[in-house]
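Work through the exercises below with the structure open. Each task is followed by a solution in steps.

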Amino acid sequence: MALPKKKRSEINSLSRRKFIKDAGLTAAAFSILPRFVLGGKGFIPPSDTLYIAGIGVGGKGESDLTGFAKNPKAKIVFLCDVDDRMAVKSKANFPQAKYYKDFRVMLDKEGKGIDAVSVSTPDHTHAVAAMAAIQRSKHVYVQKPLTHSIYEARMLAEAAKKYKVVTQMGNQFASADHVRTAKELVDAGLIGDVTKVLTWTNRPVWPQGIPTPTGKYAVPKEVDWELWLGPSKYIDYNPAYLPFNWRGWWQFGTGALGDMGCHVMDAAFRILPIDFPTEVECSATTAWSDFFKEANYADSCPASSIIHLKFPRKDGKGNINFTWLDGGLLPQRPEELLPEEQMGGGGNGYIFEGTKGKLMGDYNMAPVLLPTSRMREITMPKPTVARVPGAEAGHYTQWVEACMQGYGKMEVSSPFEYAGPFTEAVIMGNLAIRSYAMRGPDGKGYPGRKKLLWDAKNMKITNFDEANQYVRDQYREGWTV
Amino acid sequence: MKEKTTPSADSISRRKFISTAGLTASAFTIVPRFVLGGAGYKAPSDILYVAGIGVGGKGESDIANFAKSGKAEITYLCDVDDRRAAKSVAAFPKAKYFKDYRMLLDKEHKNIDAVSVSTPDHNHAVQAMAAMQLGKHVYVQKPLTHDIYEARMLTEAAKKYKVVTQMGNQGASGDGVRQLTEWYNAGTIGDVHTVYVWTNRPVWPQGIAWSDKTVPVPKELDWDLWLGTAPYKEFVEKIVPFNWRGWWDYGTGALGDMACHLVEPPFRVLGLNYPIDVTASVGSVYVDEFKRGYFPESCPPSSHIILTFPARNGKPPVKLHWMDGGIQPERPDELDANEQMGDGGNGVIFVGTKGKMMCGTYGALPSLIPTARNKEVSVPQTIKRVPNGANGHYAQWVEACIAGYGKMEVSSPFEIAGPLTETILMGNLAIRSHDIRRPKQDKPNEFDYPGRNIKLLWDGSNMKITNFDDANQFVKREYRTGWKLS
């Protein structure tokens, strides 16, 4: 017998919870529904089904949901998007899922029918959406970068612990074999102690370092612009931002770092004994509007940038100097590399420099020792790090499984405990870039063009107070994390 | 006395007294001394008759500085743009004005001792070479030339014709580079293996499309002469007087603009010569989502060049990083978080086995780092300073010309400035190799970029990239028909 869509998922979910021993779920009393109500071909008992709501279901959000659904235990029961156009494909993929435009309304009304939430909105709304879900004890999967600001990343990591929910950031290569192989090579001592890390990306692959879009445009009827802005300050709708280019504007996006840092820097962050940086500095390609006329495109992320972070090693063996380059800029080619050998994965890559050698790789490329001929000379270390079934494609399924098992029962590749500090470190670069771009009093000088010292515990730049405005975003009235 | 004949008589008589082996020109006549007498009179042998080619902007200040030495007389002015010449014409009312340097040299070479070249980069070499072949001493603005090949040819010509040469990187005469050399020679920072150089230039848009705004050529400008060696193009708005710097047909980008000031200190202090390899990456320009702009005629908005110099005289190989367009090297740990690096916008950091030192543009603000070391270290002055430092660069050349070839040392003779310029232009060769593309075999609308993300190996003595032949097109340009360097 067919129940109304909404009702059925709600029922499924309620009944299922009875069977999940999840200390984090302290919700209302449960009732048991007879099994036959739910039966049929390919039937899976409710306790084995994860009911997922997707917030932001176009593009990456769409593929995330299909990634979860590949696990027969996951069921996509609600879809939410502020732009109907972006939701079209997901609606077709999951015709039974009820569609909302406002995640707050969805969570309020349907909270009981949801076990887990996937957030794949523009960066500036990740935190509010994820936090609302976590506070309702929903497990969450959040696209990278975890958040738009450092403060939000800290808050989400703390909330994940407090509410005991299973969390995963959407840097799916954290589940790939490559990073595990790299860890085994480093752990085997093949490059000694790492002192320096170089990372780079060819992103952004869209215009940055450009003037703020202007003009008055009618909001497309499919878009709820107020909701799209979410916690961010009101500005007029402009087609320049949707659906993709918001990435290059500080108000919404996190530039090349936000886009690729969580992939390219993951190996270093995962393998090396580091968490919070103590120093950051940057420089960026200058935009010129005319001769001798430096442009002030403060709203736009830069066309290219170089970031230097310093991490104290947690094992007390000194510091690791960490460099990031984007927008086409490359680090120095290692001497060990032949003149025409490819550096990194082509467009992106990392190089670890240790006291006894160098390791080169990319998030989607098998790591190699340098010179690459060394790979023929060594015996590969025995696999000591468990592989994720399905590797990067298994990142979604892994989270589904972990949610089913409940908080603390199964390891995931990129829980907020890891992804929070990691994201903080990634977007420290953005804090430095925005400080670098700041003009002094009367528009003269650049007071932020220096090394910034970071007090991670207190989330504070200690030698340039103006930089601290970039630690935490100012939300609009009515929005909170 | 008519202006026109004054320099002629003076110059011819003066030459009699200068023993310059390079001057094999026609027989001399002696003009009686009283012909030239008067208040402030100087013996003709003590006056250098200078013709300026390109006399606006930097050209204007160069010749004004020669004149200030009190030993030079600016007797001819040449510019393809009357508007650019206006100030110099007013400053030197007796000097005869030409538009075409070829006519100037043909007609007046007997009355000229020395030539100052301060035109756009693409015409430096042909103008300087024409002057040298007539036995004229030359002062050429930086960068010495547009191409590597041209720099090599000018360097050889300076020797062959035995003329006094100076490139216009006036910091080479500054005290700063001499202080840095003394520290280095004294072993204060040990052996240097890495050098970081950066500039905030270009300070104009690069990585852009060629303007389609063709406008009528201003009546004061001879556009065909301005183009000179460069391929013919319709005149576009704003390309003169300054924008040409950012276009490969004429200019040499940020490297050409600033590297002669900034790479000069490491080049001189460390005794560098031709590099053995070069790599480049550039700040990309995207015109739309997933659509990278392709502007091979325009210099890039930023670049990161790395050159390797081989071990020499028992010193280790050196990696020299060049960064422009706003990007900078990592701040040395020895520098306090709030201390200025270089001169703010530009700088050089020398990394040695026993310490580090830095300076700003022109080798100014030399400093050991940590900066506290400046007080602790005292190295005796062993290198002679140029009177008036960088400002004395002009008078030094004037005096050396009067003294004659081989008689007096100058700070930036082509012997040094040539290899320095070649080195700098290696960066441009690598940048331009970056834009070489070939259609993909299966997808003719998509391209491979074989010159990206590789190291180019340089055979300096044969002026050849040995592992990527396409790059060799940037060693030597094709001149427009009718122009040659000989």
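Contact here means heavy atoms within 4.5 Å. The model is predicted.

**Exercise 1.** List what A:Phe416 touches, leaving out residues up to four places away in sequence, and place A:Phe416 in its core.

Solution.
1. On that count, the contacts of A:Phe416 are A:Ile134, A:Val140, A:Val142, A:Leu146, A:Leu156, A:Ala157, A:Ala160, A:Thr167, A:Gln168, A:Met169 and A:Pro421.
2. The largest nonpolar core has 95 residues, and A:Phe416 joins A:Leu272 and A:Phe352 as the three that touch the most other members.
3. Helix H13 of chain A, residues 416-437, gives this core its largest share, 12 residues.
4. A second core, separate from this one, holds 84 residues, including B:Ile112 and B:Phe350.

**Exercise 2.** Describe the area buried between chain A and chain B and how many residues each chain gives to the contact.

Solution.
1. Chain A contributes 42 residues and chain B contributes 43 residues.
2. About 3,600 Å² is buried between the two chains, with 54% of it from carbon and sulfur atoms.
3. Of the area that chain A buries against chain B, 18% comes from A:Trp288, A:Phe291 and A:Gln332, more than from any other three residues.

**Exercise 3.** Which polar links join chain A and chain B, and what makes up the chain A side?

Solution.
1. Between the chains there are 22 residue pairs in polar contact, both residues at pLDDT 80 or more.
2. Salt bridges between chain A and chain B number five; one of them pairs B:Lys319 with A:Glu335, with the closest N and O atoms 2.4 Å apart.
3. On the side of chain A that touches chain B, strands E8 (279-284), E9 (288-290), E11 (305-312) and E12 (319-325) each give two or more residues.
4. The residues of that side divide into 18 nonpolar, 14 polar and 10 charged.

How values were computed: Residues numbered from 1 in each chain as written. Chains lettered and ligands numbered in written order. Predicted model: local features only at pLDDT ≥ 70, side-chain atom pairs only at ≥ 80, totals over all residues. Heavy atoms only, no water. Buried area = accessible area lost by both parts, 1.4 Å probe. Salt bridge = Lys/Arg side-chain N within 4 Å of Asp/Glu carboxyl O. Polar contact = N/O pair within 3.5 Å; in protein donor to acceptor, adjacent residues only side chain to side chain. Helix = DSSP H or I, 4+ residues; strand = E, 2+ residues; numbered from the N terminus. Nonpolar A, V, L, I, M, F, W, Y, C, P; charged D, E, K, R; others polar. Core = buried A, V, L, I, M, F, W, Y, C linked by side-chain atoms within 4.5 Å. Buried < 20%, exposed > 50% of the residue type's maximum accessible area, 1.4 Å probe, protein only.
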